[in-house]
Amino acid sequence: MGLVYSKKNLVEASKLVIKESTTNHYFIKGIVGAGKTTLIKQICHELGVKETVNSPTFSIINEYKGKNKTIFHMDLFRLEDKKEIYNLGVLEYLDNDNLIIIEWPEILLNNFQCHYTLVEISYINSEKRKININNIIK
């Protein structure tokens, strides 16, 4: 499932991710500046998060209270090897019913098997992006 969107219809894009996902693990991929965090902020808003949503680039994991569940937002960009996945307890987060949203999931995808919804953001131009959503069941 795909959609071309801009900031004007960001709500539509975030609702599509929520609707199309069959997992509690949203893995968001895209180049730097593609709008990963912007989309995640809107997804969190749609799920009832009232607090400010920021990229966890340095904290690596942020926790938010949604309307019906806790949301863990992770940024794995700075991780260099799979030992860090273990040390941070990322796999334990994936083993519960909370919603896990991960930016830069490549190190996880390259080293571990799990079910997830892959959301790929493609840069079209300064105003438009395209998302492709695929549920991966392993």
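Buried residues are those under 20% relative accessible area, exposed ones are over 50%, and partly exposed ones lie in between (1.4 Å probe, protein chains only). Helices (H or I, at least four residues) and strands (E, at least two) are DSSP runs, numbered from the N terminus. The model is predicted: local features need pLDDT of at least 70, side-chain atom pairs count only at pLDDT 80 or more, and totals for chains, interfaces and linings use all residues. Residues are numbered from 1 along each chain as its sequence is written, and side-chain values use heavy atoms, with hydrogens and water left out.

Helix α1 spans residues 10–20. Its buried residues are L10, A13, S14, L16 and V17. These residues lie on the same side of α1, because they cover an arc of only 155 degrees around the axis (the arc of the directions from the helix axis to the C-beta atoms). An α-helix has 3.6 residues a turn, so residues three or four places apart point the same way. The buried residues of α1 pack against three kinds of partner in turn: the strands β1 (2–5) and β2 (25–29), the helix α2, and the strands β6 (116–123) and β7 (129–136).

The chain start belongs to this region too. M1 lies in the segment before β1. Contact here means heavy atoms within 4.5 Å. With neighbours within four places in sequence left aside, M1 is in contact with L16, E20, I131, N132 and I133. M1 and N132 are 131 residues apart along the chain, yet their C-alpha atoms are separated by 5.6 Å.

Helix α2 covers residues 36–46. K36, T37, L39, I40, Q42, I43 and C44 are its buried residues. T37 has a relative accessible area of 18%. Beyond its neighbours within four places in sequence, T37 is in contact with N54, S55 and E103. The C-alpha atoms of T37 and L88 are separated by 21 Å, with the two positions 51 residues apart along the chain counted as their spacing. Just after α2, G48 takes a positive phi of about 95 degrees.

Strand β4 (residues 70–75) contains D75. D75 is buried yet has no salt bridge. A salt bridge is a side-chain nitrogen of Lys or Arg within 4 Å of a carboxyl oxygen of Asp or Glu. Lys and Arg count as positive and Asp and Glu as negative, while His and the chain ends are not counted. The nearest side chain of opposite charge to D75 is that of R78, 6.8 Å away. The side chain of D75 does make a polar contact with the side chain of S55, at 3.4 Å. A polar contact is a pair of N or O atoms within 3.5 Å; within protein, one must be able to donate a hydrogen and the other to accept it, and residues adjacent in sequence count only if both atoms are side-chain atoms. Setting aside neighbours within four places in sequence, D75 is in contact with S55, P56, T57, I60, E103 and W104.

Two of these contacts of D75, I60 and W104, have positive phi values. I60 has a phi of about 75 degrees although it is not a glycine. I60 sits in the loop between α2 and β3 (61–65) and is buried at 10% relative accessibility. For W104, phi is near 55 degrees, again positive in a residue other than glycine. W104 is found in the loop between β5 (99–103) and α5 (106–111). W104 is buried, with a relative accessible area of 19%.

Salt bridges were searched for across the whole structure, and two were found. Side chains of opposite charge can pair when their charged atoms come close. One salt bridge joins E20 and K19 (3.6 Å, N to O). K19 is exposed, at 64% relative accessibility. The other links E63 with K65, where the closest N and O atoms are 3.0 Å apart. E63 is partly exposed, at 43% relative accessibility.

The structure holds zero disulfides, a disulfide being a pair of cysteine sulfur atoms within 2.5 Å. The sulfur of C44 has its closest cysteine sulfur in C114, 19 Å away and therefore too far for a bond. C44 is buried at 0% relative accessibility. C114 is also buried, with a relative accessible area of 14%.
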